[in-house]
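Please read the following points alongside the sequence and the structure. They are arranged so that each one can be checked by eye.

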Amino acid sequence: MRRFLSWLTGTRAPSPEQNPATGEADSPARGNTRFTLDLYAQLKDCAGPYENVVCSPFGIALALATLQAGARGRTEDSLARVLRSTTDGGPWQTALAGLRERLIAGARKDDCNLGLANGLWAPAGPPFLKELGETVARSYGADLKQADFSQEEPARALINQWLREATRQLFDAVVARGELAPGTRLVSINTLCFKGYWAAPFGAQQTLDEPFWVNPHTKIIAPMMWQRGTFPYRQFLFHFADRVQMLEIPYAGVEFSMVFLLPEGIEGIIELERTLGRQKGKLDTWLGSLRSQEVDVALPKFTVGSRFQCGDTLAEMGASDAFSREDADFTGMRAERGLFVSHMFHQALVAIDEYGMDGDRAGSDSGTARTDRTAPRPIPMFRADHPFLFLIRDRVSGQIVFMGRVMNPPVASQITPVL
């Protein structure tokens with residue numbers, strides 16, 4: 001737990017232009033956006049309507065790619081179809097490997113704190129094929145492991161110990177008591193923790209305890225960070241006269257950024273989620289329409305973590321063969337038949353605070369400098385004092401690494417790692 005709290009508290013490419021013929025952004029990652037929104041729509045329903053949620057479509061795609069490398073026949077085809085939907089503009093293998101390399105490079109340069117684990121566990125018996133292990137380790141950073149699932153508690157302890165080592169103690173566990181059984185076959189595990197450093201830090205001395213409205217009748221007190229800076233920003237109509245503010249704040253190293261979507265009303269997040277789920281092109285259009293301008297920003301500090309079993313969700317998205325005892329074909333992993341995915345665990349955690357690479361300083365010179373000489377416009381206020389959505393995206397490719405919502409902003413001292 002001490003290392004987890006220490007991790008939390010450690011001290012842009014041009015936006016795509018709008019296509020006038022279609023009215024939608026010419027995004028290089030429309031497929032990734034659709035995949036993200038489909039995935040988020042199902043996982044948020046698993047969490048419940050008033051819970052904080054975060055998932056990593058990138059992390060789940062890494063886990064699917066690891067499975068696809070050992071699949072054959074119809075199982076391989078179905079996984080490949082789902083993976084092709086995770087990106088546009090090139091092979092999904094290249095996109096996933098490239099994004100993983102950029103995340104790891106950012107962590108090595110201390111642009112962010114990152115904990116990434118991708119593993120596949122099979123029952124004790126014949127080993128995985130050597131060629132498979134080399135391929136998935138090189139491309140997706142995957143570990144192929146074995147456990148004796150007939151010994152349920154020792155197998156659970158072994159998997160959770162691997163997780164702690166792989167994430168440098170950022171997660172304590174991924175498998176809960178009673179989730180493994182003697183009949184368990186393949187267990188896919190993917191976890192991703194992220195805390196970036198802002199390119200333009202907030203001043204910690206400006207953080208104030210202020211109200212956050214959980215709903216129209218309930219408020220809590222949350223630490224609210226403040227700064228005035230120049231950031232990509234815009235307001236949009238999304239449901240009749242409902243408005244949403246979109247703000248993008250770059251992380252240090254310029255390759256990644258966090259995007260906030262703040263509906264006007266305290267309960268506006270419900271309709272905002274519905275709109276994005278029905279009209280998936282809107283998100284790309286909005287991202288492509290952001291323009292840099294001076295903004296007053298107030299954001300709560302938060303730490304949000306979620307854990308999911310994704311099997312049913314991914315089966316509905318087209319990968320059902322992989323989770324079927326009768327239909328799965330993973331003979332590319334080892335020669336015996338009978339392997340199928342019994343469990344697919346996914347954990348994600350995102351934290352934000354005031355800090356950038358230069359420590360505690362105000363971010364008044366943040367974002368992209370204005371070059372126009374027109375008369376100054378009123379400075380908009382982006383005050384996230386009620387539920388909002390967020391994304392973390394790769395500004396190089398446009399791929400979304402995380403998507404989540406904050407319904408009630410917990411801070412580090414109020415949350416423990418999942419399980």
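How many bridges join β10 to strand β11, and do these strands run parallel or antiparallel?

1. Eight bridges join the two strands, and β10 and β11 (residues 341–352) run antiparallel. One pair can be located by residue: Thr-303 has Ala-351 in β11 as its bridge partner. As a reminder, the strands of a sheet pair through backbone hydrogen bonds, in either a parallel or an antiparallel manner. Please bear in mind throughout that this is a predicted model.

2. The wider setting of this pair is an open sheet of five strands. Its order is β3-β2-β4-β11-β10, and the pairing is mixed. The edges are formed by β3 (142–147) and β10 (302–309), each of which pairs on one side only. On average, neighbouring strands of this sheet are turned by 15° against each other, with direction ignored.

3. A helix should be considered together with this sheet. Helix α7, residues 152–166, lies across β2 (112–123), β3, β4 (186–196) and β11. The helix runs at about 155° to β2.

4. A second group of strands deserves attention, beginning with β6 and β7. Strand β6 covers residues 218–239, and its pairing with β7 is antiparallel over six bridges. Within this pairing, Gln-235 stands opposite Gln-245 in β7. The two strands form a hairpin with two residues between them, where Phe-240 adopts a positive phi near 55°.

5. Strand β7 also pairs with β8 (residues 256–263): seven bridges join them, and the strands run antiparallel. Here Val-244 of β7 stands opposite Pro-263 in β8. This hairpin has five residues between its strands, and Gly-253 in the turn shows a positive phi of about 95°.

6. Is β7 mostly covered or mostly uncovered? The strand, which spans residues 242–250, is mostly covered, with seven of its nine residues buried.

7. The last point concerns Glu-267, which is placed in the loop between β8 and α8 (268–278). Why does Glu-267 count as partly exposed? Its relative accessibility is 49%, and the partly exposed class lies between the buried limit of under 20% and the exposed limit of over 50%; Glu-267 therefore counts as partly exposed. Glu-267 also illustrates how sequence and space may be compared: Asn-215 is 52 residues away in sequence, while the C-alpha atoms of the two residues are 6.5 Å apart in space.

Notes. Residues are numbered from 1 along each chain as its sequence is written. This is a predicted model: local features need pLDDT of at least 70, side-chain atom pairs count only at pLDDT 80 or more; totals for chains, interfaces and linings use all residues. Side-chain values use heavy atoms; hydrogens and water are left out. Buried means under 20% relative accessible area, exposed over 50%, partly exposed in between (1.4 Å probe, protein chains only). Helices (H or I, at least four residues) and strands (E, at least two) are DSSP runs, numbered from the N terminus. Two strands pair if DSSP finds at least two bridges between them. Axes are lines fitted to C-alpha atoms, for helices over the stretch in contact, and angles run from 0 to 180 degrees between N-to-C directions. Contact means heavy atoms within 4.5 Å.
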